[in-house]
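Visitor: I'd like a close look at a single part of this model, please, with the cut-offs spelled out as you go.

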Amino acid sequence: MSVPLIVLVGPMGSGKSTVGGLLAERLGVPYRDTDADIVAAQRREISDIFVDAGEPYFRELERQAVRAALAEHPGVLALGGGAILDDSTRELLAGLPVVYLSLDVEEAVRRVGLNQARPLLAVNPRRQWRELMDARRHLYTEVARVVVATDDRTPEEVAQAVLDALELKDV
């Protein structure tokens, strides 16, 4: 069993994919994203899974994808924004180098926009994002070893802040 070097959690738009790729490159390790794993396995976009099969079905796929990735991925791992909703996932994250990439609502809306591919933000992005964060913020904080704010920072600055917080060095 291999343990990820870094696990990134946070809401959509926090930069998990971009920062994760930068961290993996700087550390000389592989990068993996559980949302991408689901898309590849299902051969359809997450928004289509939500529409066709519903959120509970997607959450089960997500739980399985996270469990597999945590068991076998030795590099940088990004989890989907809602992965921390699952109790068993939070248990698996205990003791791991989890980093919560945080951002405020205005930054999130700027980054995510009115993207219809985000099924949980399809109607009123600001209100729905605030509601999601009200429900999830404490869970992100619960699983995280460190919190790194991404507001007004470039992906490179966020990646460096993560490395500094975890006391990791580039290769």
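Guide: Happily; what follows is a tour of the sheet and of what packs on it. The model is predicted, so to speak of local features a pLDDT of at least 70 is needed and side-chain atom pairs count only at pLDDT 80 or more, while totals for chains, interfaces and linings use all residues. Numbering starts from 1 along each chain as its sequence is written, and side-chain values use heavy atoms, without hydrogens or water.

Let's begin with the sheet. Five strands form an open sheet in the order E2-E3-E1-E4-E5, with parallel pairing (strands are DSSP E runs of at least two residues and helices are H or I runs of at least four, both numbered from the N terminus; a pair needs at least two DSSP bridges). E2 (31–33) and E5 are the edge strands, each with a single partner, so one side of each has no neighbour in the sheet. On average, neighbouring strands are turned by 25 degrees against each other, direction ignored. At one edge, E2 pairs with E3 (residues 76–78) in the parallel sense over three bridges; Asp 33 has Ala 78 of E3 as its bridge partner.

Now for the helices. H1 lies across E1, E2, E3 and E4 and runs at about 165 degrees to E1 (axes are lines fitted to C-alpha atoms, for helices over the stretch in contact, with angles from 0 to 180 degrees between N-to-C directions). H8 also packs on the sheet, where it touches E1, E4 and E5, and its direction makes about 160 degrees with that of E5. Val 158, Ala 159, Ala 161, Val 162, Leu 163 and Leu 166 of H8 are buried (under 20% relative accessible area, with a 1.4 Å probe and protein chains only). The buried residues of H8 pack against E1, H1 (16–27), E4 and E5 (146–149), contact being heavy atoms within 4.5 Å.

The length of H8 can be checked too. Its twelve residues (155–166) should span 16 Å, and the end C-alpha atoms lie 17 Å apart, which agrees; the expected span is 1.5 Å times one less than the number of residues. After H8 comes Glu 167, with a positive phi near 55 degrees.

Last, Leu 79: leaving aside neighbours within four places in sequence, Leu 79 is in contact with Val 7, Leu 8, Val 9, Lys 16, Thr 34, Val 66 and Leu 93.

Technical notes: Buried < 20%, exposed > 50% of the residue type's maximum accessible area, 1.4 Å probe, protein only.
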